[in-house]
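Me: I should like to go through the ligand site and the empty spaces of this structure, and to ask what justifies each term.

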Amino acid sequence: MTTTAPVTVLGLGQMGSAIAETFLKRGHPTTVWNRTAGKGASLAEAGASVSDTAAEAVAASPLVVVCVLDYEAVDEVLAGVGDAIAGKVLVNLTSGSPGRARATGRWADEHGAAYIDGGIMADPPDLGTSNAFISFSGSREAFEDHEPTLRELGNSTFYGTDAGLASVEFMAQVATGYELLIGFLHTLRLVRAEGVDPAEFAERVAESMAVGYPPLLTVIGKAVRDGEFPPDLGPLSVQAALMDDLIDHRRSLGVDVTRMREVKRLMDERIAAGHGDEGFSSLFAQLGG
Ligand code: FVH
């Protein structure tokens, strides 16, 4: 497979358009289709072939990338494609659950296509740059055959032949971000209520996180895998001593204390179980399962 292999892109929303644009810029003959006509105009000017139907677009290339809003949309698009997918490699970059990815993989299999699922962790303008991270899983053979083309989109990692694994990675990355960011938003209420500039505070947090969090995350991941918990962030017995003040401070300013209460409860439970010398990562053992 040369790096200028032909590609078809189904779905020309913000992300689908960025994908098609990236392929075009890197010299891949690119065929595009979108449910609503007209969205391919600027891509056509840049050299893309615009098809009237999804099935016609699929027929144009051995590699077919679909990136639409959700799995309801994927199902609709693929229903229109039908047997035209036979013999092709279908790469689905639409976000969704591992279960939906596996089901789409079975659909591809029943229709004679190889299936690769993917999760894009990037904003559309970052596609094709080193700021884009894409998880892939599914047919290893198809991934290896088309790896140079798929790598045009960004840093690409293949997670295994279970089609759901790319989505597991994507969902876990997205969830990590949301869990952290909702806590940050609540804390910005506290910061603002205390008369501190939220933008300046955010800059300071960005700096301290850039230094402290990468090694901490690595330590926590290893501790959870091995079931051995060092005193990361200090021993729980010391950390717990701050929790009442931390919760009271937030409550006094009308800031949400749900997550802080959870942290305190888990610390109390862990200490009561005789593990006060362990660190924050040891709260994992209190979460069950
Ligand atoms: N945009 C982003 O920042 C992110 C970042 C990380 C991952 N995603 C995922 O990418 C998928 C597509 O997102 P998008 O940003 O391209 O979304 P839109 O710009 O809203 O475009 C949606 C396209 O889906 C088409 N579509 C919707 N429903 C149907 C349907 N029933 N049948 C066929 N196509 C459908 C829509 O077509 P049209 O409305 O123009 O006719 C657009 O092409 C998504 O999974 C993100 O989570 C994006």
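Reply: The questions below take the ligand first, then the pockets and the cavity. This is a predicted model, in which local features need pLDDT of at least 70 and side-chain atom pairs count only at pLDDT 80 or more, while totals for chains, interfaces and linings use all residues. Residues are numbered from 1 along each chain as its sequence is written, and side-chain values use heavy atoms, with hydrogens and water left out.

Me: What makes a residue count as near the ligand, and which residues come nearest?
Reply: A residue is near a molecule if one of its heavy atoms lies within 4 Å of it. The ligand has 22 residues around it, and Gln14, Met15, Asn34, Thr36 and Lys39 come nearest. By class, this shell comprises 10 nonpolar, eight polar and four charged residues. Here Ala, Val, Leu, Ile, Met, Phe, Trp, Tyr, Cys and Pro count as nonpolar, Asp, Glu, Lys and Arg as charged, and the others, Gly among them, as polar.

Me: Why is the pair formed by glutamine 14 and the ligand called a polar contact?
Reply: A polar contact is a pair of N or O atoms within 3.5 Å; within protein, one must be able to donate a hydrogen and the other to accept it, and residues adjacent in sequence count only if both atoms are side-chain atoms. A polar backbone atom of glutamine 14 is 2.9 Å from an oxygen atom of the ligand, so the pair qualifies. Arginine 35 places a polar side-chain atom 2.9 Å from a ligand oxygen, and a backbone N or O atom of valine 68 lies 3.1 Å from a ligand oxygen; these pairs therefore qualify too.

Me: How much of the ligand does the protein cover, and how is that known?
Reply: On its own the ligand has 900 Å² of accessible area, and the protein covers 77% of that. Accessible areas come from the Shrake-Rupley method with a 1.4 Å probe; for residues, only the protein chains shown count as cover.

Me: Why is the ligand said to sit in a pocket, and which one?
Reply: On a 1 Å grid over the protein atoms alone, a pocket is an open set of points with protein on both sides within 12 Å along at least five of seven lines, whereas a cavity is a set where a 1.4 Å probe fits but cannot get out; lining residues have an atom within 4 Å of a point. A molecule sits in either if more than half of its atoms lie within 2 Å of its grid points. The ligand takes up the second largest pocket, which holds about 660 Å³ of space. Its lining has 26 residues, with Gly13, Cys67, Val68, Leu69 and Asp70 nearest the centre. α4 gives the most to this lining, with four residues.

Me: What is the volume of the largest pocket, and which element gives the most to its lining?
Reply: The largest pocket contains about 2,100 Å³ of space. α7 gives the most to its lining, with 13 residues. The residues of that lining divide into 28 nonpolar, nine polar and five charged.

Me: How many cavities of 30 Å³ or more are there, and what lines the largest?
Reply: The structure holds one cavity of 30 Å³ or more, and the largest cavity has a volume of about 40 Å³. Its lining includes Tyr71, Asp117 and Phe170. β6 gives the most to this lining, with three residues.

Terms used. Grid points are joined across faces, edges and corners, and a volume is the space filled by probe spheres set on the points. Helices (H or I, at least four residues) and strands (E, at least two) are DSSP runs, numbered from the N terminus.
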